[in-house]
Amino acid sequence: MLRLAIQKSGRLSDDSLALIRECGISFASSTYKLKVEATNFPLEILFLRDDDIPGYVRDGVADLGIVGQNVLVEAGAADLEIEALGFSKCRLSLAVPRGDAYGSVADLQGKNIATSYPHILGDYLAGHGVQAHLHTISGSVEIAPSIGLAEAICDIVSSGSTLLGNGLREVETIFRSEAVLIAAPGLSSDKQELLDQLRFRMQAVRRARRSKYIVLNAPAAALDQVRALLPGIKAPTVTPLAEPGWVSVQSVVDEDNFWHLTGQLQAIGAEGILVLGIEKMVG
Ligand code: PRT
Ligand code: ZN
C-alpha cells in the first residue's frame, strides 16, 4: 500500500484529485475525512496542509506527496522531487510600489522586504551580493509596503492582478514553480514497484493532455506536404476516400503547436479538419 499526501483544500487540491482520478484510481470523496483508501489501486490518500507535506514525506509518514516546488524548495526538500506535474504554475517575484524607482536588485541593499519565502529569497539575494532585512510573514504579504512594514515584497504571482490591485510592480522573477510529485527516500521494493506503475499512468495522462488527435481530408497530391506537417507518433495513418484523388489522414499533434498547424494544413488544401481530445496515451 502506498500513501500519498495531497493538499486538503487550496489551489492544488482539485488538480491533484483530478490527476489521481485520470490515472484510473477511484476513491470515495468526502470533505471531512483526512484519509481515504482507493478502491482499485493499493493507495491511501492523506489530506494535509501543503506546508506539512514535505516533512511528512521526508519522515516516511507518507510515501509520496504532491506539492508546489515553491513550498518544497523553501522547506529545503528539493531532493525529494521525482516528477514535475505541469499544473499550478506560478512564479515567486520581487515587487515594489509602482511609483518607486527600481533599476536592479542592487537597489534593495539595506531595504526591508516582506515575504513568506525567506530561504529562497535569502539565497537569491546572497547570490547577487545584496544584504536586506527580511520580514517573514505568512500571509497578506502584498499589503506590507502600504502599512509601512517593508519597501518591497517577494511573493507568489500568477496573473499579476493581486500586485496590480495593491499598487505594486513586479521587478524580478526569482523562482518558477509548478506542482511536483515527491517521494520518500529509500522506499521498499514493493512500494517502488507501485510507484513505477503510478508514474507510468501519470505520464500517460500528461502526454494525453498535451496532445490532440487530428483527422482531416486532403488531396492525394498534397500528401507529402501533409506528411511533413504531421509526423504523428510513427507516421500518420492514411486511407483513401471514396472520392478519387482524396485521402483521409489521422495523426497525433502537439497542443502547443495546434493553431499554427491547422492554418498550414488549410493552406495546402486540407478540409474537414476534426480535432479530438485523447484520454490516455500509452507507449
Ligand atoms: O492551507 P494550505 O497551507 O494548504 O494552503 P496555502 O494557502 O498555503 O496555499 P494555496 O492553496 O494558496 O496555494 C498552494 C500552491 O499553489 C502554492 O504553494 C503555489 O505552488 C501554487 N499557486 C499557484 C499559488 C498561486 N498560483 C497563487 N496565485 N499560490 C498562491 N497564489 C496567491 C499568491 O500568494 C498571491 O496572494 O495568489 C495571489 C497572486 O495571484 P495573482 O493571480 O493575483 O497573481
Ligand atoms: Zn500552505
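This is a short walk through a predicted model of a protein chain, from its domains down to single residues.

Let us begin with the broad layout. The domain assignment divides the protein chain into three pieces. Domain 1 is built from two stretches, residues 2–88 and residues 178–208. Domain 2 covers residues 90–177, and domain 3 covers residues 211–277. If you look at the numbers, domain 2 sits in the sequence between the two stretches of domain 1. How many ångströms separate the centres of domain 2 and domain 3? Taken over C-alpha atoms, the distance is 48 Å.

Two pairs of residues help you get a feel for how sequence and space relate. Start with I182, which you will find in strand β11, residues 179–183. I182 has a relative accessible area of 0%, so it counts as buried. Along the chain, I182 and A78 are 104 residues apart, yet their C-alpha atoms are separated by 8.8 Å. Now turn to A18, which belongs to helix α1, residues 13–22. A18 counts as partly exposed, because its relative accessibility is 29%. Its partner in this second pair is T239, 221 residues away along the chain, and here the C-alpha atoms are 36 Å apart.

Next, find the zinc ion, which is ligand 2. Which residues of the protein act as its donors? They are D50 and D51, each giving an OD atom, and they lie 2.0 to 2.1 Å from the zinc ion. There are 4 donor atoms around the zinc ion, and the angles they subtend run from 76 to 171°. For four donors to count as tetrahedral, all angles would have to lie between 85 and 135 degrees. The angles around this zinc ion reach from 76 to 171°, which makes the arrangement irregular. The two aspartates are neighbours in the sequence, but they fall into separate classes of exposure. D50 is buried, because its relative accessible area is 15% and buried means under 20%. D51, with a relative accessible area of 44%, is partly exposed.

Now for the charged side chains. The model has 10 salt bridges in its count, and three of them make good stops on our walk. One joins E44 and K35, whose closest N and O atoms are 3.8 Å apart. Here a buried residue meets a partly exposed one: E44 has 11% relative accessibility and counts as buried, whereas K35 has 44% and counts as partly exposed.

A second salt bridge brings together the side chains of E170 and R91, with 2.7 Å from N to O. This pair links distant parts of the chain, since E170 is in strand β10 (residues 168–177) and R91 is in strand β6 (residues 90–97), 79 residues apart. E170 is partly exposed, with a relative accessible area of 29%.

The third salt bridge is between K280 and E279, and its closest N and O atoms are 3.5 Å apart. K280 counts as partly exposed at 36% relative accessibility, while E279 is exposed at 65%. Salt bridges can also share partners: in this way R3, K35 and E44 are joined into one network.

From charges we move to a nonpolar part of the surface. What makes up the nonpolar surface patch of about 250 Å²? The residues are I143, I147 and L149. L149 is in the loop between β8 (133–136) and β9 (152–157). L149 is partly exposed, with a relative accessible area of 31%.

The same loop, between β8 and β9, also holds S140, and this residue brings us to the backbone. Most residues other than glycine have a negative phi. S140, however, has a positive phi, near 50°. S140 is partly exposed, at 47% relative accessible area. Where is S88, another residue with a positive phi? S88 is in the loop between β5 (81–84) and β6. Its phi is near 55°, a positive value in a residue other than glycine. With a relative accessible area of 24%, S88 is partly exposed. S88 also closes the first stretch of domain 1, which runs over residues 2–88, and that brings us back to the domains where we started.

Key
Residues numbered from 1 in each chain as written. Chains lettered and ligands numbered in written order. Predicted model: local features only at pLDDT ≥ 70, side-chain atom pairs only at ≥ 80, totals over all residues. Heavy atoms only, no water. Donors = N, O, S within 2.8 Å, 3.2 Å for Na, K, Ca; no water. Tetrahedral: all angles 85-135°; square planar, octahedral: opposite > 155°, others 65-115°. Buried < 20%, exposed > 50% of the residue type's maximum accessible area, 1.4 Å probe, protein only. Patch = residues over 30% accessible without salt bridge, like charges linked within 9 Å, V, L, I, M, F, W, Y side chains within 5 Å. Areas by Shrake-Rupley, 256 points an atom, 1.4 Å probe, with all protein chains shown as cover. Salt bridge = Lys/Arg side-chain N within 4 Å of Asp/Glu carboxyl O. Helix = DSSP H or I, 4+ residues; strand = E, 2+ residues; numbered from the N terminus. Domains from an automatic or database assignment.
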